[in-house]
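Let's take a walk through this structure together. Keep the 3D view open and follow along, one stop at a time.

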Amino acid sequence: MDAEELEELARRLQGRALGGWGLLQLAAGTGLAAYAVWAAVLMPGFRRVPLRLQVPYVPSSTQQVANVMVLLEGRSGKTVDLGSGDGRLVIEAYKHGLRPAVGYELNPWLLRLSNYRAWKAGYNGKVSFLKQDLWKVNLSDCYNVTVFLAPSVKPPLAAKFLAELPDEARVVAGRFPFPSWTPTSTVGKGLDQVWAYDMKEVRQAAQTSAEGSPV
Ligand SMILES: C[S@@+](CC[C@H](N)C(=O)[O-])C[C@H]1O[C@@H](n2cnc3c(N)ncnc32)[C@H](O)[C@@H]1O
């Protein structure tokens with residue numbers, strides 16, 4: 001599969017008929033063929049990631065990407081997308097002046113596609129896509145973090161952010177908010193809604209909350 005075929009696949013995955021979640025449902029309904037596509041194209045490289053932490057590829061929509069950029073407007077410092085898919089958020093972040101811009105992704109097809117997209121946008125060598133398990137990345141030098149991941153991984157992710165991110169860091173989450181955190185701001189509606197969390201405020205709220213459960 002070459003980069004253009006990968007890009008075509010990504011376009012199809014973004015369509016409602018064959019979105020990543022839709023593909024999962026299809027797999028349940030039609031069995032082996034769809035499962036084979038899922039296992040071979042969407043989830044290679046995940047053998048060492050526990051099943052409960054595995055999140056399939058579902059690319060952000062154009063509107064979701066735009067909303068993330070609104071919440072990162074005027075910021076600076078290292079910007080990372082955890083589970084960077086085809087690289088769209090990282091490339092857009094770089095376009096908005098956020099540098100260095102780095103994506104962490106385990107799927108080798110998506111890493112290839114990300115590099116192709118960066119090259120096509122004229123950012124070859126300017127943005128980085130690293131084949132790394134997001135759970136093992138040390139985030140202590142990251143100031144802007146984007147996450148478009150499943151709700152099931154939000155609690156362990158929250159714990160990781162609290163342990164590693166600097167106070168000045170901002171986390172921008174798409175599709176699902178962090179259930180125990182109060183956002184600093186939010187943009188968009190329905191599926192396009194994104195939420196920003198400033199770590200200093202999250203930590204302060206955790207300290208003053210009666211339950212004291214920041215995760
Ligand atoms: C829902 S998609 C989001 C893709 C991209 N961030 C976007 O918004 O378009 C989640 C991505 O995270 C990747 N991913 C899941 N678990 C990961 C892990 N442990 N380490 C690195 N990447 C991971 C998947 O391969 C998938 O591409």
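**Around the ligand**

Start at glutamate 105, where a polar side-chain atom lies 2.6 Å from an oxygen atom of the ligand. That counts as a polar contact, meaning a pair of N or O atoms within 3.5 Å. The protein covers 99% of the 600 Å² of accessible area that the ligand has on its own (areas come from the Shrake-Rupley method with a 1.4 Å probe).

Before going on, a word about what you're looking at: this is a predicted model, where local features need pLDDT of at least 70 and side-chain atom pairs count only at pLDDT 80 or more, while totals for chains, interfaces and linings use all residues. Residues are numbered from 1 along each chain as its sequence is written, and side-chain values use heavy atoms, with hydrogens and water left out.

Now find two other contacts. Aspartate 81 has a polar side-chain atom 2.8 Å from a nitrogen atom of the ligand. With glycine 83, it's a backbone N or O atom that lies 2.7 Å from a ligand nitrogen.

Zoom out a little, and you'll see 25 residues around the ligand (a residue is near if one of its heavy atoms lies within 4 Å). Ser60 and Asp133 are among the closest. Sorted by type, this shell has 15 nonpolar, five polar and five charged residues (Asp, Glu, Lys and Arg count as charged; Ala, Val, Leu, Ile, Met, Phe, Trp, Tyr, Cys and Pro as nonpolar; the others, Gly among them, as polar).

**Rings and odd spots**

How many aromatic pairs does a search of the whole structure find? There are six, where rings of Phe, Tyr and Trp (its six-membered ring) pair if their centres lie within 6.5 Å; planes under 30 degrees apart are stacked, over 60 edge-to-face, and the rest tilted. One tilted pair is tyrosine 94 with tyrosine 123, at 5.0 Å centre to centre and 55° between the planes. Tyrosine 94 lies in helix H5 and tyrosine 123 in the loop between helix H6 (108-120) and strand S3 (128-131), so the pair ties together parts 29 residues apart in sequence. Helices (H or I, at least four residues) and strands (E, at least two) are DSSP runs, numbered from the N terminus.

Next, look at the loop between H5 and S2, home of proline 100. The peptide bond from arginine 99 to proline 100 is cis, with omega near -10°. Finally, arginine 175 isn't a glycine, yet it has a positive phi of about 70°.

Terms used. Polar contact = N/O pair within 3.5 Å; in protein donor to acceptor, adjacent residues only side chain to side chain.
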